[in-house]
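Please open the structure in a viewer and keep the selection panel at hand. The stops below follow one another as a tour, each with a selection to make and a description of what is found there.

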Amino acid sequence: HDLYHHYTLDEHHLQCAKQIEKLYVDENKNLTHYRNILYQLKDKELLIFSLIMHDYGKIWPGDHVENARRTMDNVVEVFPFSEEEKILIAFLIQNHLLMSQTSQRVDFNEMKTLAAFTEKMGSEYRLKHLFIFTYADMNAVANGIFNNWKSSLLLELYYKTHVLLKDEGNVKLLDNEVDDLKKKLLSKTEDKEGLSEFLSKLPENYYIEIEKDDILKHFELNKNREKGKIVLDYKSKHDYYLVFIIADEKAGLFSKIAGIFSANGLSILDASLFTKQLAIDYFVISHYFDGPVEQGKWERVAKELNSALSGEINDIGELIEKRASKIGIKSNVQIKTKIEFDISPDGSTILRLSCRDEIGLLYKVSKVLATLKFNIQLAKINTLGIRVVDTFYILNKDNKALDNHEKEELTNILLKKLS
């Protein structure tokens, strides 16, 4: 039992097994994919055994996964499993965090990252077992932790990995396929010259990752957009929203967007920034309060964003504090801030930040990055109770990975700001 897990260790393990049982009887259409894959598993008893054992490493101090790795052979040896069965159990227990962390904390649309994850799986047999294992584990933490957005990420990772396991030729998009994407887009409009110019102002991954219909809509919205202003477009998806913001490229844009969202009770779950001569920022948004986000609030967000960009709103932090004070949420629990750096396959610096959650946190962090002239390529936000684990893919002002001096400077400022 901790600030993230609602249940004690033994209760959590039993809840995991219960989630598998519920999959057989729950007729919720959102669970169809999980049910179908569960029915394909031949070794369900091994899955259940792994679930009720997977966190046993927590009985000792330190990293529970590493504890399990060191003691696995002795624990499993007393049970009458074959060597092949023991290998699957060990794989599931030692990698039980891998699929949830990969789906929520890294950019698995980056082909080298996805290929590395696929190589780790090794087979469809392992992938299917770990997929259902992850579903059960995430649902057995606490009510509401596994939402539709996390489910969509998990499903996307599963199916993309499944494709690569069946056909290694799909590991990367070939140049001629990129050209084909452009041609298909241009064939959908009479204003081919205008669309071609629009696409030239955006990075290549925009028209690779974004749906064709959305791109065409953005093209039309941008044609009617007043210079210096933003256009906001959104779609409702069950318990979250997909939001696109089209704007002129400007330093600190993401920070201002994050601040205005926060001031309006909107939490960013995921963000991809497509920036070249033009900026189209893509967000996955949840509502801090119960109920849907009304059209009037979206209009207020767009209006306040334009005011922030024009300088009419010059202190977004003050606006956040003013509105957050009315909510009155307080907690005396202290969580140590932890900062780690890594390098992504495409050469970006990966900043991983673990700290106590608060209203306006993402604004604080992104403002620091903007002040240092660091460019955010992608952000993945993962809230675990009152703790967040945020991941940022960033480059310095020269569009290169951060050097040691820049990492040290960023670390010192963040620790001071978040203390």
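Begin by selecting Asn399, in the loop between β8 (387-395) and α18 (404-418). The model is a predicted one, and in it Asn399 has a positive phi of about 60° although it is not a glycine. Most residues other than glycine have a negative phi. With a relative accessibility of 52%, Asn399 counts as exposed, because the threshold for that class is over 50%.

Select Lys373 next, in the loop between α17 (361-371) and β7 (375-384). Its phi is likewise positive, near 65°, and the residue is not a glycine. Lys373 counts as exposed at 53% relative accessibility.

Now turn to the charged pairs, of which the structure holds 14 as salt bridges. Side chains of opposite charge can pair when their charged atoms come close. Select Lys364 together with Glu358: their side chains meet in a salt bridge, 3.0 Å from N to O. Both residues are partly exposed, Lys364 at 33% and Glu358 at 30%.

Another salt bridge links Glu77, Glu83 and Lys86 with shared partners, so that selecting these three residues displays one network. Within it, the closest N and O atoms of Lys86 and Glu77 are 3.4 Å apart. Which of these two partners is buried, and which is exposed? Lys86 is buried, with a relative accessible area of 14%, whereas Glu77 is exposed at 51%. Lys86 belongs to helix α5 (residues 83-94). Beyond its neighbours within four places in sequence, Lys86 is in contact with Val76, Glu77, Phe79 and Phe81.

For a salt bridge within a single helix, select Lys223 and Glu220, whose closest N and O atoms are 3.5 Å apart. Both lie in helix α13 (residues 212-223), 3 residues apart, or about one turn of the helix. An α-helix has 3.6 residues a turn, so residues three or four places apart point the same way. Lys223 is partly exposed at 43%, as is Glu220 at 36%.

The next stop concerns aromatic rings, for which the count comes to 20 pairs. Select Tyr206 and Phe274: the ring centres are 5.5 Å apart and the planes stand at 70°, so the pair is edge-to-face. Tyr206 lies in helix α12 (residues 204-209) and Phe274 in strand β3 (residues 266-275), so the pair ties together parts 68 residues apart in sequence. Tyr206 is buried at 0% relative accessibility, and Phe274 is buried at 1%.

Then select Tyr34, Phe131, Tyr135, Phe146, Tyr158 and Tyr159, which form one aromatic cluster. Tyr34 leads on to helix α2 (residues 32-40), where the buried residues are Tyr34, Arg35, Ile37 and Leu38. What covers them includes α1 (9-25), α3 (44-51), α8 (124-139) and α9 (148-166).

On the surface, select Tyr24, Val25 and Tyr39, which make a nonpolar patch of about 330 Å². Val25 is placed in helix α1 and is exposed, with a relative accessible area of 64%.

Finish with the cysteines. How many disulfides does a search of the whole structure find? The search finds 0. Two cysteines to select are Cys16, buried at 0% relative accessible area, and Cys355, buried at 2%.

Notes: Residues are numbered from 1 along each chain as its sequence is written. This is a predicted model: local features need pLDDT of at least 70, side-chain atom pairs count only at pLDDT 80 or more; totals for chains, interfaces and linings use all residues. Side-chain values use heavy atoms; hydrogens and water are left out. Helices (H or I, at least four residues) and strands (E, at least two) are DSSP runs, numbered from the N terminus. Contact means heavy atoms within 4.5 Å. A disulfide is a pair of cysteine sulfur atoms within 2.5 Å. Buried means under 20% relative accessible area, exposed over 50%, partly exposed in between (1.4 Å probe, protein chains only). Patches are made of residues with over 30% relative accessible area and no salt bridge: like charges are joined within 9 Å, nonpolar side chains (Val, Leu, Ile, Met, Phe, Trp, Tyr) within 5 Å. Accessible areas come from the Shrake-Rupley method with a 1.4 Å probe; for residues, only the protein chains shown count as cover. A salt bridge is a side-chain nitrogen of Lys or Arg within 4 Å of a carboxyl oxygen of Asp or Glu. Rings of Phe, Tyr and Trp (its six-membered ring) pair if their centres lie within 6.5 Å; planes under 30 degrees apart count as stacked, over 60 as edge-to-face and the rest as tilted.
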